[in-house]
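This report describes a structure with the sequence beside it. Please look at both before reading on.

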Amino acid sequence: MDQVTARIAAVLTEKFDVPAEQVTDRVSFRELDLDSLSIVELYVTLQEEWGVPLDAEAADADTTVGQLVDDVRKLLDGRRPGGD
Amino acid sequence: MPRTAVVGIGSCLPARSVDNEEVIAEGRLDSSDEWIRRRTGIHRRRRAAPGTATGDLAVYAAAAAIESADAAPDFVLLATTTPDHPCPATAPAVAHRLGLPRVPALDLAAVCSGFLYALATADALVRAGACRRPLVIGADTYSTIVDPADRDTAALFGDGAGAVLLAAAEDGAPGALRAADLGSDGGGAALITVAAGGSRQPDRQRQDPDAHWFRMRGRSVYGQAVRHLTDSAGRALAAAGWRPADLGAFVAHQANQRILDSVADRLGLPPAVRFGNLRELGNTAAASIPLVLADDGPQRALAPGTPTLLTAFGGGLTWASVALTWPAATPVRRTLP
């Protein structure tokens, strides 16, 4: 597991009481029992942590952990010197 | 340094309590009591009787604050989003009904941050020598602008009014204001609106009835509220020279329990110092913070002089925080049939 995935998994288990074994790339927020406000709270927390403009408006209950990981990675890559 | 202190506290609530089941039935909402409680923390709210206006609640809360202080105001500031009329302002009529002839009186519009905006403004007026005992009222009747069929907002709001009387005080006096932080971001104006009825969209024939209701983009507001409340509270705390651990009371605008918990957690404040009335009263807009100040719970739990932080976020977008010590005043509470 890479650093971004590991950190998101840690936030989901520590802050939202999601059982660690449930966190996979393909699982959706709905399957993790996160309602819309929990999704926003998750995004705000990750925004603060990495200082990236994650858009919670673009996420919904069907968004998967894998999609969130991809979004964070793209934002972090875009920020690196020499990135696009 | 000369300070301004809260020397009187008053409140007025409509008698009628409306529970979640009733809100759901009225609006034929696809919702449940359990869903509303889990999403918002709200169990019931008060609702003004037909014919009761914001100014009526404001008059009784103000009279209660005057009785609590046993002193007459010489300036009236009324924070509201639901004035009695688009014109004139509600504050002069309130002052008149309170028997305060010729006092300066004006409304202040900063939506849910309105009471703290008015409190900080009144503090500055006293310190500038413009008045000696300003009355600051937060009053709203959102039942007049909320769409009963809008699942996103119908269950959130309640009606009410709260008021405080301020007076010049020595540094260290109970109730003395120590610092304020105010801010706004009009880039987020579209997140919380009543679109029509102003000069931008007069719609005098009401051809677009939907545009006259209060609307809120809840998820966007959640993120903005958490960020701005946390930042503003932090700035006011720093300006007061306090650390989070110094606080004995934290009173945030009663918008949504999940937002309140998120902000208090970010500030590192333990549950024992968090005070609110959301469960029983819902979001009472400009009235929410003074209604908590008038509440029995914190009044019994807190000694006068306890370091206290008030913080609010609302449409505009606006945010405001005030650091003060817990007042010595005994609140006077009124109920309106």
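## Confidence and conventions

In this predicted model, chain B has an average pLDDT of 97, and 100% of its residues score at least 70; pLDDT is the predictor's confidence in each residue, from 0 to 100. The model has an ipTM of 0.83 and a pTM of 0.95. Residues are numbered from 1 along each chain as its sequence is written, while chains are lettered from A and ligands numbered from 1 in the order in which they are written. Local features need pLDDT of at least 70, side-chain atom pairs count only at pLDDT 80 or more, and totals for chains, interfaces and linings use all residues, with side-chain values using heavy atoms and leaving out hydrogens and water.

## Annotated spans

The table lists two features from unreviewed UniProt entries. Their positions follow the numbering used here, feature names are shortened, and annotations may be inferred rather than shown by experiment. Helices (H or I, at least four residues) and strands (E, at least two) are DSSP runs, numbered from the N terminus.

| UniProt feature | Residues | Helix | Strand | Distance between end C-alpha atoms |
|---|---|---|---|---|
| domain: Carrier | 2-76 of chain A | 55% | 0% | 13 Å |
| domain: Beta-ketoacyl-[acyl-carrier-protein] synthase III N-terminal | 106-186 of chain B | 17% | 35% | 22 Å |

## Where the chains meet

The contact (heavy atoms within 4.5 Å) involves 14 residues of chain A and 13 residues of chain B. Together the two chains bury about 1200 Å², of which 40% is on carbon and sulfur atoms. B:R219, B:Y222 and B:R266 account for 53% of the area that chain B buries against chain A, more than any other three residues. Buried area is the accessible area (1.4 Å probe) that two parts lose on being put together, summed over both.

## Cis peptide bonds

The bond from B:C87 to B:P88 is cis, with omega near 0 degrees. B:P88 sits in the loop between β4 (75-79) and α4 (91-97) of chain B. Another cis peptide bond runs from B:G316 to B:L317, where omega is near -10 degrees. The loop that holds B:L317 lies between β12 (307-314) and β13 (318-325) of chain B.

## A positive phi

B:R28, a residue other than glycine, has a positive phi, near 50 degrees. B:R28 belongs to the loop between α1 (20-27) and α2 (33-40) of chain B.
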